[in-house]
Amino acid sequence: MIIQWFPGHMAKARRQVEEKLKLVDFVMELVDARAPLSSQNPMLQQVLQSKTKMIVLMKRDLADQRVTENWINYFKDKDIPAIAVDVNEKTDIKKVIQLAKSLGQEKMDKLMKKGIQPRPARAMIVGIPNVGKSTLINRLANKKVAQTGDRPGITKHQLWIKVKKDFELLDTPGILWPKFEDQMVGYRLAAIGTIKDQLLSLQDIVAFVIKYLQVHYPALLKERFNIEHDMEDMWEIFELIGKQRGALESGGNVNLDKVSEIVLQDLRAGRLGNITLESPE
Ligand SMILES: Nc1nc2c(ncn2[C@@H]2O[C@H](COP(=O)(O)OP(=O)(O)OP(=O)(O)O)[C@@H](O)[C@H]2O)c(=O)[nH]1
């Protein structure tokens with residue numbers, strides 16, 4: 001597999017997350033609802049150790065709702081509270097706050113039993129690049145929310161966002177790298193736009209997507225590109241799409257990279273329909 005993060009980079013990211021973890025009671029791990037396992041960080045569990053976490057499946061508006069429900073049950077079976085979110089839905093944001101408050105409350109109850117004074121529960125958001133960390137923080141902060149100010153002895157500029165009177169959020173998320181051990185993971189992450197297209201062959205990513213759609217979403221593929229689920233010749237498929245969408249070179253040949261971009265743009269924008277690229281089964 002050609003994708004590599006510099007080990008130094010990873011170590012630094014991990015250290016930064018570990019530092020911030022000391023400040024919080026629980027963690028909100030953001031994953032992409034279109035590929036919830038592939039977009040998890042492989043080392044987060046080790047980093048978290050016994051810290052409580054909840055999972056937020058982001059971008060549910062682009063994912064397949066039925067599969068998203070399966071994923072929520074999958075995590076719940078592992079005793080991890082999970083919730084799916086479209087950041088543009090206010091009710092989703094409210095549900096995140098409710099769930100976070102209940103986790104925070106559990107934590108506070110435990111601390112109070114040990115004689116510690118009640119205080120707001122604190123959480124941080126972690127996730128791989130582009131999963132929606134900043135957007136969710138902004139929605140939770142809801143702009144008018146006051147920030148509680150620097151706390152001494154902690155990295156400068158680190159602020160607590162007061163989401164509710166009993167729930168505060170660290171204003172900077174923890175960024176962790178995705179896992180690349182498996183080529184399929186790479187394809188899924190590239191398809192949803194988490195990793196740069198240049199890291200894998202654009203045409204390979206699209207061939208992966210088309211094969212997946214032929215098996216799992218044949219009707220959507222047929223509707224958007226008029227491609228049958230049993231068409232095997234990838235060259236023919238690319239040609240068909242290229243001709244439909246005018247992705248041609250000067251000599252009239254189909255431009256394969258242009259076709260690839262069209263398919264990926266359609267997929268990422270949800271124009272193909274609601275699609276999830278991996279299932280719990
Ligand atoms: N459709 C949809 N798009 C979303 C959702 N949440 C975030 N996005 C989009 O995803 C993209 C990435 O969001 P960011 O908040 O910048 O992601 P991030 O995790 O902070 O990214 P890094 O700064 O790279 O670590 C943006 O274009 C957001 O608008 C969602 O629920 N639905």
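These legends go with several close-up views of a predicted model.

**Figure 1. The whole protein, to help you find your way around.**
The protein contains ten helices and seven strands. Its C-alpha atoms fill a box of roughly 75 × 40 × 35 Å, taken along the principal axes. Of the 281 residues, 35% count as buried. Now take the contacts between residues at least 6 apart in sequence: 67% of them join residues at least 24 apart. Keep this overview at hand as you go through the close-ups below.

**Figure 2. Strand 4 and the strands it pairs with.**
Let us begin with strand 4, which covers residues 121-127. Is this strand mostly covered, or mostly open? It is mostly covered, as six of its seven residues are buried. Strand 1 (residues 26-32) runs parallel to strand 4, and five bridges join the two. Look for valine 27, which stands opposite methionine 124 of strand 4. Strand 6 (residues 167-170) is also parallel to strand 4, with three bridges between them. Here you can find alanine 121, whose bridge partner in strand 6 is phenylalanine 167. Strand 7 (residues 174-175) is joined to strand 4 by two bridges, and this pair is parallel too. In that pairing, valine 126 has glycine 174 of strand 7 as its bridge partner. A helpful thing to remember while looking at strands is that, in a regular one, the side chains alternate between the two faces of the sheet.

**Figure 3. The hairpin of strands 5 and 6.**
In this view you meet strand 6 again, now beside strand 5 (residues 160-164). Do these two strands run parallel or antiparallel? They run antiparallel, and four bridges join them. The hairpin connects strand 5 to strand 6 through two residues. Close to the turn, try following lysine 164 to its bridge partner in strand 6, phenylalanine 167. You have seen phenylalanine 167 before: it is also the bridge partner of alanine 121.

**Figure 4. A close look at valine 56.**
Valine 56 belongs to strand 2, which covers residues 52-58. Why does valine 56 count as buried? It does so because it has 27 C-beta neighbours inside 10 Å, and 20 or more are enough for a residue to be called buried. Leaving out residues up to four places away in sequence, valine 56 touches Met28, Leu30, Ile83, Val85, Val96 and Leu136. For a sense of scale, find proline 36, which is 20 residues from valine 56 along the chain. The C-alpha atoms of these two residues are separated by 9.4 Å.

**Figure 5. The residues around the ligand.**
How many residues surround the ligand? There are 16, and the closest are Pro129, Gly132, Lys133, Ser134 and Thr135. Helix 5 (residues 133-141) gives the largest share of this shell, three residues. Sorted by class, the shell has seven nonpolar, five polar and four charged residues.

**Figure 6. Helix 6 against helix 7.**
Helix 6 (residues 183-191) packs against helix 7 (residues 202-216) at an angle of about 95°, and their axes are 9 Å apart. The two helices are therefore roughly perpendicular. On the helix 6 side, look for Tyr187, Ala190 and Ala191, which meet Ile205, Phe208 and Val209 of helix 7. The residues of this contact are six nonpolar, no polar and no charged.

**Figure 7. Helix 9 crossing helix 10.**
The axes of helix 9 (residues 234-245) and helix 10 come within 9 Å and cross at roughly 80°. This pair, therefore, is roughly perpendicular. Helix 9 contributes Phe238, Ile241, Gly242 and Arg245 to the contact, while helix 10 contributes Leu256, Val259, Ile262 and Val263. By class, the contact has six nonpolar residues, one polar and one charged.

**Figure 8. A close look at leucine 264.**
We finish with leucine 264, a residue of helix 10 (residues 256-268). Why is leucine 264 called partly exposed? It has 19 other C-beta atoms within 10 Å, and therefore falls short of the 20 needed to count as buried. Not counting residues up to four places away in sequence, leucine 264 touches Ala191, Ile205 and Val206. Two of these may look familiar, since Ala191 of helix 6 and Ile205 of helix 7 are part of the contact between those helices. Leucine 170 lies 94 residues from leucine 264 along the chain, and their C-alpha atoms are separated by 34 Å.

Key. Residues are numbered from 1 along each chain as its sequence is written. This is a predicted model: local features need pLDDT of at least 70, side-chain atom pairs count only at pLDDT 80 or more; totals for chains, interfaces and linings use all residues. A residue is buried if 20 or more other C-beta atoms lie within 10 Å of its own, exposed if 12 or fewer, and partly exposed in between; C-beta atoms are placed from the backbone. Two residues are in contact if their C-beta atoms, placed from the backbone, lie within 7 Å. Two strands pair if DSSP finds at least two bridges between them. A residue is near a molecule or strand if its C-beta atom, placed from the backbone, lies within 6 Å of it. Ala, Val, Leu, Ile, Met, Phe, Trp, Tyr, Cys and Pro count as nonpolar, Asp, Glu, Lys and Arg as charged, and the others, Gly among them, as polar. Axes are lines fitted to C-alpha atoms, for helices over the stretch in contact, and angles run from 0 to 180 degrees between N-to-C directions. Angles under 35 degrees count as roughly parallel, over 145 as roughly antiparallel, 65 to 115 as roughly perpendicular and the rest as oblique.
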